[in-house]
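Subject: Structure for you to look through

Hello,

I am passing on a structure for you to look through. Please open it beside this email and follow along.

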Amino acid sequence: MSAATCPKKRYQKEKVLGEGTFGIVNKAKDTKTGQYVAIKKVRMGNSKDGVAIPALREIKILQDVRHENLINLLDVFGTSSNINLVFDYCIADLEQIIKDKTIALSTAEVKGALKMILCGVAKLHEHWVLHRDLKPSNILMDTKGVLKLTDFGLSKLFASPDRKYTNQVVTRWYRAPELLFGATQYGIGVDMWSVGCIFAELMLRQPYFPGDSDIDQLSKIYSALGTPTEEEWPGMAYLPAYVEFNPQPRPPMRKTFTAASDEALDLLHRFLLFDPCQRISAADALNHPYFKKSPLPCSPSQFLDKVKSGRLLSLDNEPPIVANDDDENDRAGKRRRYSSDLGKRRLEF
Ligand SMILES: Nc1ncnc2c1ncn2[C@@H]1O[C@H](COP(=O)(O)OP(=O)(O)OP(=O)(O)O)[C@@H](O)[C@H]1O
């Protein structure tokens with residue numbers, strides 16, 4: 001078989017990029033096109049434990065919904081024990097960008113980033129797909145500065161309004177209050193809350209609600225936004241895990257977001273409404289005056305130039321590390337080496 005027809009030969013692995021719940025991600029060169037790609041190798045496990053189901057869900061969604069701001073699935077191939085998903089290679093994720101304080105994000109750049117995120121979310125919702133795990137590390141930047149939503153493993157079609165879902169979704173810091181109260185029927189509001197948290201984080205350059213338990217998460221949300229009244233969020237007391245908190249007033253958002261425009265604060269407020277039905281949709285958010293008022297959102301290439309001006313991308317000079325498909329011990333070693341502190345705030349499923 002030639003390199004063009006044998007996928008394992010077609011893609012030449014260069015180094016390990018990281019590891020998620022379901023397997024290692026490698027950087028590789030596509031010898032057919034000369035382009036770099038990222039290959040997510042998903043361990044199949046045996047059919048009983050259903051390890052591969054999120055990967056199959058991801059494949060189905062990626063094949064159905066294509067958009068500039070959603071990660072592009074270029075190829076899929078299998079080996080005896082893995083499914084390999086081949087994606088566009090991205091050079092950074094939004095968590096790294098936010099954390100790198102040498103990158104000074106201007107209003108136009110925050111707007112540009114939020115616009116790209118909203119375009120991706122709007123496309124998913126248009127296709128009746130909830131992402132369900134939106135967070136900065138699941139938003140990647142490609143070589144042209146385009147932000148792309150990734151990690152659709154938790155995505156789920158929400159076509160049936162009565163369908164009950166698990167509430168153990170969305171990394172805690174980005175998790176909507178209805179999920180924290182155990183709701184099993186939820187909709188696009190869970191993604192819009194996460195977008196609000198990401199928007200706040202882009203402006204603050206630190207997580208807005210970094211709770212270290214579900215109760216602490218709610219208490220951080222309430223300290224920032226005040227406790228909701230029954231009028232603001234009808235029916236909240238009937239949610240399965242509802243807990244009453246001592247009433248707290250709503251402090252002015254301006255106190256935290258000192259440099260934000262009135263339009264930015266209005267949009268943020270609409271993302272973070274307690275009643276999920278009242279939260280602004282991604283399509284409506286894109287039409288909000290925030291995006292119409294000067295400074296206008298920057299282009300992807302301007303965003304890329306800003307990211308390149310910081311330290312982050314100048315660090316990508318470590319020697320290549322080639323992952324060996326078959327060596328379990330080696331794989332365990334890499335997992336230890338590459339697992340990040342993100343694991344600490346990931347939910348137990
Ligand atoms: N297309 C890509 N281009 C470059 N790097 C990528 C790409 N996709 C993933 N990565 C890197 O691989 C790492 C693992 O990604 P993956 O999506 O498998 O898991 P995760 O998002 O970290 O965690 P989990 O899937 O468990 O929530 C990421 O942190 C990222 O650094």
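Below is what was found, taken sheet by sheet, then the ligand, then two details of the backbone. Please keep in mind that this is a predicted model.

The five-stranded sheet

Start with the open sheet made of five strands, whose order is β1-β2-β3-β5-β4. The pairing in this sheet is antiparallel. The edges are taken by β1 (11-20) and β4, and each of these has a single partner strand, so one side of each is left without a neighbour in the sheet. Direction ignored, neighbouring strands here are turned against each other by 25° on average.

At one edge, β1 runs antiparallel to strand β2 (residues 23-30), and eight bridges join the two. If you want one pair to look at, take Q12, whose bridge partner in β2 is K29.

At the other edge, strand β4 (residues 73-78) and strand β5 (residues 82-88) run antiparallel and are joined by five bridges. The link from β4 to β5 is a hairpin of three residues. Within this pair, D75 is found opposite V86 of β5. When you look along any of these strands, a general point helps: in a regular strand the side chains alternate between the two faces of the sheet.

Which helix lies across this part of the structure? Helix α2 (residues 53-64) lies across β3 (36-43), β4 and β5, and runs at about 35° to β5.

The three-stranded sheet

There is also an open sheet of three strands, in the order β6-β8-β9, and the pairing is antiparallel. Its edge strands are β6 (90-93) and β9 (147-149), each of which pairs on one side only. From one strand to the next, the twist averages 40°.

Strand β8 (residues 139-142) runs antiparallel to β9, with three bridges between them. One pair to find is M141 and L147, the latter being the bridge partner in β9. Helix α4 (residues 107-126) packs on this sheet and touches β8 and β9, and its direction makes about 30° with that of β9.

The ligand

What surrounds the ligand? There are 17 residues around it, and those that come nearest are G20, T21, D88, C90 and D151. By class, this shell has eight nonpolar, four polar and five charged residues. Strands β1, β3 and β5 each supply at least two residues of the shell, and β1 gives the most, with four residues.

Three polar contacts are worth finding in the viewer. A polar backbone atom of D88 is 2.9 Å from a nitrogen atom of the ligand. A backbone N or O atom of C90 also lies 2.9 Å from a nitrogen atom of the ligand. The contact of D151 is made by its side chain, where an N or O atom is 2.7 Å from an oxygen atom of the ligand. On its own the ligand has 600 Å² of accessible area, and the protein covers 88% of this.

Two backbone details

Most residues other than glycine have a negative phi, and most peptide bonds are trans. Where should you look for exceptions? R132 is not a glycine, yet has a positive phi of about 75°. You will find R132 in the loop between β7 (129-130) and β8. The peptide bond joining S294 and P295 is cis, with omega about 0°. P295 is in the loop between α9 (282-286) and α10 (300-308).

Regards

Methods:
Residues are numbered from 1 along each chain as its sequence is written. This is a predicted model: local features need pLDDT of at least 70, side-chain atom pairs count only at pLDDT 80 or more; totals for chains, interfaces and linings use all residues. Side-chain values use heavy atoms; hydrogens and water are left out. Two strands pair if DSSP finds at least two bridges between them. Axes are lines fitted to C-alpha atoms, for helices over the stretch in contact, and angles run from 0 to 180 degrees between N-to-C directions. Contact means heavy atoms within 4.5 Å. A residue is near a molecule or strand if one of its heavy atoms lies within 4 Å of it. A polar contact is a pair of N or O atoms within 3.5 Å; within protein, one must be able to donate a hydrogen and the other to accept it, and residues adjacent in sequence count only if both atoms are side-chain atoms. Accessible areas come from the Shrake-Rupley method with a 1.4 Å probe; for residues, only the protein chains shown count as cover. Ala, Val, Leu, Ile, Met, Phe, Trp, Tyr, Cys and Pro count as nonpolar, Asp, Glu, Lys and Arg as charged, and the others, Gly among them, as polar.
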